[in-house]
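Here's a protein to explore together, with a ligand along for the ride. Have the sequence and the 3D view open while you read.

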Amino acid sequence: MSEYVSAWMDEDLAIYRESVARFVETEMVPQDARWRAQHHVGHEIWRKAGALGLLCTDIPAQFGGAGGDFRHEVVLYEEMGRRGLSGFGQGVHSIAAHYLLNHGTEEQKRRYLPRLASGELVGAIAMSEPAAGSDLQAIRTRAERRGNEYVVNGSKIFITNGYLAGLVLLVVKTDPTLGAKGTSLLILETRELPGYRVGRILDKIGQHAQDTSELFFDQVRVPADCLLGGEEGRGFAQLMSDLPYERLIVAVQAVAAMEGALGETLRYVQGRTAFGKAIAEFQNTRFRLAEVATIVRVARTFVDRCIQDELDARLDDVGASMAKWWTTDMQQRVLDECVQLHGGYGYMNEYLVARLYADARVTRIYGGTNEIMKELIARSF
Ligand SMILES: Cc1cc2nc3c(=O)[nH]c(=O)nc-3n(C[C@H](O)[C@H](O)[C@H](O)COP(=O)(O)OP(=O)(O)OC[C@H]3O[C@@H](n4cnc5c(N)ncnc54)[C@H](O)[C@@H]3O)c2cc1C
């Protein structure tokens with residue numbers, strides 16, 4: 001197949017990609033089985049990635065970031081995504097950094113961003129609760145102002161990076177009578193924070209190396225200057241403004257997973273034989289792979305366009321929602337075909353396509369469900 005190169009790639013990025021791929025191959029791939037067994041990637045890999053300048057790559061250097069742009073972020077998502085490395089929650093970490101960059105006070109940016117960039121702190125975003133996911137206005141976690149502090153009570157569920165997180169951007173109600181306008185974000189440094197407890201790492205059907213966890217807050221006291229941006233009631237607006245960035249990340253990861261699966265399946269069907277010939281020679285295989293390759297190319301082309309829009313600061317909610325729902329739906333379809341073409345081996349976790357298949361299911365659910373994406377698109381008509 002002719003090699004497709006994204007228009008946003010250039011020579012410098014190609015060199016950068018080589019070093020990222022080397023890091024991923026030597027520091028991550030050999031550890032993935034252990035990470036999946038223990039359900040987290042540990043702190044060491046975060047510090048190593050930070051030391052090499054692979055974290056917060058699109059955060060300005062004055063705040064400890066690499067001073068690059070979204071393309072540098074994409075390169076790491078792609079190199080991990082193609083290899084089925086779903087434990088290292090770079091996406092959520094970067095989104096947490098962006099909340100700070102876009103909405104934090106100068107003091108908040110200086111206090112936290114350099115430590116996110118170095119990997120000293122792993123970032124998480126805690127919105128979802130047992131009784132409130134899509135309907136975020138229904139959250140109950142409460143932060144009550146008492147003098148110079150907030151007192152936080154409540155719980156969160158399904159929190160990516162939850163077990164390792166040293167910094168949690170926590171969505172709370174500062175005034176339950178005001179609906180969306182009573183919602184705020186608190187910045188919580190979790191280490192030795194009295195009343196803060198990480199529950200179990202949740203037992204998922206895929207993404208086994210990811211430390212998705214429950215979080216509990218029991219009379220947690222934090223200084224009032226932990227309010228993101230310093231003004232109560234801004235939480236919903238802050239969340240909404242960063243959603244296109246978040247949804248594009250999910251789409252970028254979906255395309256990378258499809259590309260990884262296609263490459264692996266093309267190799268597999270050439271090597272495996274049945275009835276005296278390679279599986280690749282059956283017309284069914286050729287047609288299935290032609291369909292998959294077409295889907296992957298269409299997805300890649302649209303997501304590349306969205307990446308360019310993000311770089312030009314014009315990615316909107318509708319475009320990001322389209323990219324998120326469609327690529328993740330296609331991710332499932334493509335992975336299903338790739339598993340089928342692997343036969344029984346495709347169902348074995350030691351095969352990349354099996355892990356990619358199980359990891360893919362949640363992408364239609366998190367980052368806003370695909371039904372919610374369609375709601376958002378339909379509202380723009
Ligand atoms: C592995 C994993 C990681 C996650 N990481 C995070 C994280 O880091 N931080 C975080 O805060 N959350 C996280 N989540 C939570 C995720 O964002 C929610 O699960 C998701 O938003 C859906 O919410 P819910 O589970 O409460 O489902 P519900 O909102 O109860 O939805 C159930 C079903 O109803 C549908 N539905 C709901 N409302 C509508 C509507 N208006 N129209 C049509 N259909 C509708 C949904 O699409 C879905 O199919 C994660 C979840 C998982 C599984």
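How much space lies in the largest cavity? About 30 Å³. Keep in mind that this is a predicted model. The count of cavities of 30 Å³ or more comes to one. If you want to find the spot, look for the residues that line the largest cavity: His 39, Leu 202, Asp 203, Lys 204, Gly 206 and His 208. Sorted by class, that lining has one nonpolar, three polar and two charged residues.

**Around the ligand**

Now let's move to the ligand. It has 17 residues around it, and the closest are Ser 128, Ser 134, Phe 158, Thr 369 and Glu 371. By class, this shell splits into nine nonpolar, six polar and two charged residues.

Which atoms of the ligand sit beside polar atoms of Met 127, Thr 160 and Thr 369? Here are those contacts side by side:

| Residue | Polar atom of the residue | Ligand atom | Distance |
|---|---|---|---|
| Met 127 | backbone | oxygen | 2.8 Å |
| Thr 160 | side chain | nitrogen | 2.8 Å |
| Thr 369 | side chain | oxygen | 2.7 Å |

Taken alone, the ligand exposes 970 Å², and the protein buries 64% of that. Three elements each give two or more residues to the shell around the ligand: β1 (123-126), β3 (149-159) and α11 (370-379).

**The second largest pocket**

Next up is a pocket. The second largest pocket holds about 720 Å³ of space. It is lined by 24 residues, and those closest to its centre are Glu 3, Tyr 4, Val 5, Arg 82 and Glu 259. Helices α1 (11-28), α4 (70-82), α7 (235-271) and α8 (283-311) each give two or more residues to this lining. Which of the elements gives the largest share of the lining? That's α7, with seven residues. As for the mix, the lining of this pocket has 10 nonpolar, four polar and 10 charged residues.

**Two helices and what follows them**

One of the helices that line the second largest pocket, α8, is worth tracing from end to end. With its 29 residues, α8 reaches 42 Å from its first C-alpha to its last, close to the 42 Å expected at 1.5 Å a residue. After α8 comes Ala 313, whose phi is positive, near 55 degrees.

Helix α9 covers residues 317-341, which makes 25 residues. What span does α9 reach from its first C-alpha to its last? The answer is 36 Å, close to the 36 Å expected at 1.5 Å a residue. Following α9 you'll find Gly 343, with a positive phi near 60 degrees.

While you're looking at helices, here's a handy rule: an α-helix has 3.6 residues a turn, so residues three or four places apart point the same way.

Definitions and conventions
Residues are numbered from 1 along each chain as its sequence is written. This is a predicted model: local features need pLDDT of at least 70, side-chain atom pairs count only at pLDDT 80 or more; totals for chains, interfaces and linings use all residues. Side-chain values use heavy atoms; hydrogens and water are left out. Helices (H or I, at least four residues) and strands (E, at least two) are DSSP runs, numbered from the N terminus. The expected span of a helix is 1.5 Å times one less than its number of residues. On a 1 Å grid over the protein atoms alone, a cavity is a set of points where a 1.4 Å probe fits but cannot get out, and a pocket is an open set with protein on both sides within 12 Å along at least five of seven lines; lining residues have an atom within 4 Å of a point. Grid points are joined across faces, edges and corners, and a volume is the space filled by probe spheres set on the points. Ala, Val, Leu, Ile, Met, Phe, Trp, Tyr, Cys and Pro count as nonpolar, Asp, Glu, Lys and Arg as charged, and the others, Gly among them, as polar. A residue is near a molecule or strand if one of its heavy atoms lies within 4 Å of it. A polar contact is a pair of N or O atoms within 3.5 Å; within protein, one must be able to donate a hydrogen and the other to accept it, and residues adjacent in sequence count only if both atoms are side-chain atoms. Accessible areas come from the Shrake-Rupley method with a 1.4 Å probe; for residues, only the protein chains shown count as cover.
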